[in-house]
Amino acid sequence: IIENVEFTGGAQGLSGIPKLSNFNTVYWVTALTIAVLFAFGRSRHGRAIIAIREDDIASEASGIPNTYYKVLAFTISAFFAGVAGAIYAQQMQVLGAKTFNFMRSIDILVIVVLGGLGSLTGSIIAAVGLTVLPEALRGFSEYRMLIYSVALIVVMIFKPSGLLGTREFSMSALLRWLRHPQFKRKKAAAERGSGK
């Protein structure tokens, strides 16, 4: 439909978009987005959405209006997707329906799964890694999907919850771990002992 509507430029795409985005704009919009989503995730509404994600039936039984929060989560994610789309359009200066194909959906899915379904910082790390990886392997561009598939399989085998799972990156925890590697071994032994 989009490729057959004259308003969107047809098969050639929507062109003539002014180049308004630059590194500073993208950096500050990204920082603001992360700050807003981080704060929202720790608010009453964010915790309700997390409860729905963990167990739909139990959250409804505890009095959380599931439909309201599902629509709220969809609306917030659609808003930020629109902001990202506007910045992308101003960077590329042309938009076509073929840009957002099945492979782009796979890229986004891989970022979320690799980062961890419950971790904002994990998704950021995965997004940076999967943006740098194709550039580093530009000579092997035809094997990109193979590399993505192998990476997903390795993560699913060794770390099913993703890089960070439901945890967020903490500089203090990293410094603690670097200073005292035995801390990690003791924690793992304690988790094994408690049956986790």
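**Exercise 1.** Place Ala-151 in the predicted model and state its exposure class.

Solution. Ala-151 lies in helix α7, residues 144–158; helices (H or I, at least four residues) and strands (E, at least two) are DSSP runs, numbered from the N terminus. Its relative accessible area is 24%. Buried means under 20%, exposed over 50%, and partly exposed in between, with a 1.4 Å probe and protein chains only, so Ala-151 is partly exposed. The C-alpha atom of Ala-151 is 8.2 Å from that of Leu-114, 37 residues away along the chain.

This is a predicted model, in which local features need pLDDT of at least 70, side-chain atom pairs count only at pLDDT 80 or more, and totals for chains, interfaces and linings use all residues. Residues are numbered from 1 along each chain as its sequence is written, and side-chain values use heavy atoms, with hydrogens and water left out.

**Exercise 2.** Describe the contact between α5 and α6.

Solution. Helix α5 covers residues 102–115 and helix α6 residues 120–136; their axes come within 7 Å and cross at roughly 130°. Angles under 35 degrees count as roughly parallel, over 145 as roughly antiparallel, 65 to 115 as roughly perpendicular and the rest as oblique, so α5 is oblique to α6. From α5, Val-110, Ile-111, Val-112, Leu-114 and Gly-115 make the contact (heavy atoms within 4.5 Å). From α6 come Gly-122, Ser-123, Ala-126, Ala-127 and Leu-130.

**Exercise 3.** What is the phi of Gln-93, and where is this residue?

Solution. Gln-93 has a positive phi of about 65° although it is not a glycine. Most residues other than glycine have a negative phi. Gln-93 sits in the loop between α4 (66–92) and β2 (94–95).

Terms used
Axes are lines fitted to C-alpha atoms, for helices over the stretch in contact, and angles run from 0 to 180 degrees between N-to-C directions.
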